Amino acid sequence: MRRFYWLSLSLITVLSFLLVFIPAFLIRPFVAQTARGLALSYQMRALSPTWTLVFLVTGILLALGLRHSSLSRFRKSLIGLFLLILGASAVMARQNHFEWMFRPLPRPGYVDISKATHVKDSDMVLGIRLGRDSRAYPISLMAYHHLVNDVVAGQPLVVTY
């Protein structure tokens, strides 16, 4: 019975970790993504909050079934490590770690076009003109941040790419 508990605890720990890790690995900035990979990632992200919690509760019950004074220090530490991974997976499944990768620019800085030496004539920009005000957001910067909070002609905007 103990072997079954150890095998089950190991298996649910790996599954719980993979439910969180695979979407984070597949959806990375500056890496080509496939439609299949994105679909898998979104499906796993939808399932992970429920399943990581189920795995955590099951892991605690299995750990309680394995607690014996005859367990070596190594095995007790291994149970603790498994529970730590299960708990971390349950927490991470409820976080939007993609938001951590793509921070919006809350207060972007602007320079006159004549002073914009970091933007070449061949660079693509996302442009907007409202009234007499205009802005150009370089795609090379937007590709990282994805969002810019700005005010153009007194109108608050969220510019996205």
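## Notebook: cores, pocket and single residues

I began with the largest nonpolar core, which holds 15 residues, and looked up the members that touch the most others: Trp6, Leu9, Ile12, Phe55, Leu66, Ile79 and Leu86. I then asked which helices supply at least two residues of this core, and found helix H1 (2-26), helix H2 (35-66) and helix H3 (73-92). The largest share comes from H2, with six residues. I note here that I am working from a predicted model. As background, I keep in mind that nonpolar side chains in soluble globular proteins tend to be buried together.

Next I took leucine 86 and listed its contacts, leaving aside the neighbours within four places in sequence. These are Leu9, Ile12, Thr13, Ser16, Phe55, Leu56 and Gly59. Of the core members that touch the most others, Leu9, Ile12 and Phe55 are also on this contact list of leucine 86.

I also found a second, separate core of five residues, and among its members are Tyr137, Val148, Val152 and Val159.

**Overall layout.** I counted the secondary structure of the chain as five helices and four strands, and read the order from the N terminus on as α-α-α-α-β-β-α-β-β. Is the chain a compact globule, or more spread out than one? The radius of gyration is 24 Å, well over the 15 Å that the globule rule gives for 161 residues, so the chain is more spread out than a compact globule. Along the principal axes, the C-alpha trace spans about 75 × 30 × 25 Å. I noted that buried residues make up 27% of the 161 residues. Taking the contacts between residues at least 6 apart in sequence, I found that 60% join residues at least 24 apart.

**Leucine 19 and serine 48.** I looked at these two together, with leucine 19 in helix H1 and serine 48 in helix H2. Why does serine 48 count as buried? The relative accessibility of serine 48 is 1%, and the cut-off for buried is under 20%. Leucine 19 is buried as well, with a relative accessible area of 14%. The two residues are 29 apart in sequence, and I read a C-alpha to C-alpha distance of 5.7 Å between them. Not counting residues up to four places away in sequence, leucine 19 touches Met44, Ser48, Trp51, Thr52 and Phe55, whereas serine 48, with its own such neighbours left aside, is in contact with Leu19 and Ala93. I note that Phe55, touched by leucine 19, is also listed among the members of the largest nonpolar core that touch the most others.

**Glutamine 95.** I placed glutamine 95 in the loop between H3 and H4, where it counts as partly exposed at 30% relative accessibility. Which residues does glutamine 95 touch, not counting those up to four places away in sequence? They are Arg45 and Trp100. Glutamine 95 and proline 49 are 46 residues apart in sequence and 9.4 Å apart in space, C-alpha to C-alpha.

**Aspartate 112.** I found aspartate 112 in the loop between helix H4 (97-101) and strand E1 (125-130), partly exposed with a relative accessible area of 47%. Measuring aside, the computed C-alpha to C-alpha distance from aspartate 112 to threonine 58 is 60 Å, for a separation of 54 residues in sequence.

**Largest pocket.** I then turned to the largest pocket, which has a volume of about 560 Å³. The lining comprises 23 residues, and those that lie nearest the centre are Tyr110, Val119, Ala136, Tyr137 and Pro138. Strand E2 (133-138) and helix H5 (139-145) are the elements that give two or more residues to this lining, and E2 gives the most, with five residues. By class, I recorded 14 nonpolar, four polar and five charged residues in the lining. Tyr137 thus appears twice in my notes, once in the pocket lining and once in the second core.

**Alanine 153.** My last entry is on alanine 153, in the loop between strand E3 (147-152) and strand E4 (155-160). I noted a positive phi of about 55 degrees there, although this residue is not a glycine. Most residues other than glycine have a negative phi. Alanine 153 is partly exposed, with a relative accessible area of 40%.

Definitions and conventions: Residues are numbered from 1 along each chain as its sequence is written. This is a predicted model: local features need pLDDT of at least 70, side-chain atom pairs count only at pLDDT 80 or more; totals for chains, interfaces and linings use all residues. Side-chain values use heavy atoms; hydrogens and water are left out. On a 1 Å grid over the protein atoms alone, a cavity is a set of points where a 1.4 Å probe fits but cannot get out, and a pocket is an open set with protein on both sides within 12 Å along at least five of seven lines; lining residues have an atom within 4 Å of a point. Grid points are joined across faces, edges and corners, and a volume is the space filled by probe spheres set on the points. Ala, Val, Leu, Ile, Met, Phe, Trp, Tyr, Cys and Pro count as nonpolar, Asp, Glu, Lys and Arg as charged, and the others, Gly among them, as polar. A nonpolar core is a set of buried Ala, Val, Leu, Ile, Met, Phe, Trp, Tyr and Cys residues joined through side-chain atoms within 4.5 Å. Buried means under 20% relative accessible area, exposed over 50%, partly exposed in between (1.4 Å probe, protein chains only). Contact means heavy atoms within 4.5 Å. The radius of gyration is taken over C-alpha atoms; the globule rule is 2.2 Å times the number of residues to the power 0.38.
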